[in-house]
Amino acid sequence: MVIRRDSSTVWLETGGAPVGMFPDWTYEEGVVQLNPGDLVLAYSDGVIEAVNPAGEEWGVESLRRAAAESDTQSADEIVHAIFATMDDFSRGRQTDDATVLALRVH
């Protein structure tokens with residue numbers, strides 16, 4: 001996803017299966033214009049599928065909100081804030097791998 005300076009979100013939906021999973025897979029190419037201040041977030045499914053003790057998933061909207069609330073920070077600080085918020089939600093009971101990549105456009 002791309003979170004714009006104005007807090008709007010652009011969803012990066014083209015692509016394909018995880019890279020390297022299927023040797024002959026064909027990928028779609030997508031293009032999005034990035035502007036100064038935009039934040040690009042890439043994440044694994046373990047991030048949005050984190051569950052709390054009640055069995056509720058954290059979800060993509062919670063990820064977007066956690067990133068947007070930290071938007072004045074560096075990319076590294078945003079990743080740390082996302083993981084802290086996800087850990088609070090799941091009470092530290094993460095069961096799947098969780099990866100977040102944040103890129104700030106300057």
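User: How many bridges join strand 3 to strand 4?

Analyst: This is a predicted model. Strand 3 covers residues 39-43, and its partner here is strand 4. The two run antiparallel, and the number of bridges joining them is five.

User: Which residue of strand 4 stands opposite Ala 42?

Analyst: Strands of a sheet pair through backbone hydrogen bonds, either parallel or antiparallel. Strand 3 and strand 4 run antiparallel. Opposite Ala 42, in strand 4, stands Leu 101.

User: Which strands stand at the edges of the sheet?

Analyst: The sheet is open, with four strands in the order 2-1-3-4 and antiparallel pairing. A strand at the edge has a single partner strand, so one side of it is left without a neighbour in the sheet. That is the case for residues 9-10 and residues 100-104, which are strand 2 and strand 4.

User: What angle does the direction of helix 2 make with that of strand 3?

Analyst: Helix 2 spans residues 59-69 and packs on the sheet. Its contacts there are with strand 1, strand 2 and strand 3. With the direction of strand 3, helix 2 makes an angle of about 140 degrees.

User: Across which strands does helix 3 lie?

Analyst: Helix 3 is made of residues 75-90. It runs at about 145 degrees to strand 4, one of the strands it crosses. The strands asked for are strand 3 and strand 4.

User: How many residues apart are Asp 38 and Arg 4?

Analyst: The side chains of Asp 38 and Arg 4 meet in a salt bridge, at 2.5 Å from N to O. Asp 38 sits in the loop between strand 2 and strand 3, while Arg 4 sits in the loop between strand 1 and strand 2. The pair therefore links distant parts of the chain, and the separation is 34 residues.

User: Is Arg 4 buried or exposed?

Analyst: A residue counts as buried when its relative accessible area is under 20%. The value for Arg 4 is 17%, so this residue falls under the cut-off. Its partner Asp 38, at 2%, is buried. Arg 4 is likewise buried.

User: Which residues do salt bridges that share partners join into one network?

Analyst: Glu 61 and Arg 64 lie three residues apart in helix 2, about one turn of the helix, and their side chains meet in a salt bridge of 2.8 Å. Glu 61 also forms a salt bridge of 3.8 Å with Arg 65. Those two are four residues apart in helix 2, so they are separated by about one helical turn. The network consists of Glu 61, Arg 64 and Arg 65.

User: Which element supplies the largest share of the largest nonpolar core?

Analyst: This core has 18 residues, and among those that touch the most other members are Leu 39, Trp 58 and Ala 67. Strand 3, helix 1, helix 2, helix 3 and strand 4 each supply at least two residues. The largest share is five residues, and it comes from helix 3.

User: What is the relative accessible area of Ser 90?

Analyst: Ser 90 is found in helix 3. Leaving aside neighbours within four places in sequence, Ser 90 is in contact with Ala 50, Val 51, Asn 52 and Pro 53. Ser 90 is buried, and its relative accessible area is 0%.

Technical notes. Residues numbered from 1 in each chain as written. Predicted model: local features only at pLDDT ≥ 70, side-chain atom pairs only at ≥ 80, totals over all residues. Heavy atoms only, no water. Pairing = 2+ DSSP bridges. Contact = heavy atoms within 4.5 Å. Axes fitted to C-alpha atoms, helices over the stretch in contact; angles between N-to-C directions. Salt bridge = Lys/Arg side-chain N within 4 Å of Asp/Glu carboxyl O. Buried < 20%, exposed > 50% of the residue type's maximum accessible area, 1.4 Å probe, protein only. Core = buried A, V, L, I, M, F, W, Y, C linked by side-chain atoms within 4.5 Å.
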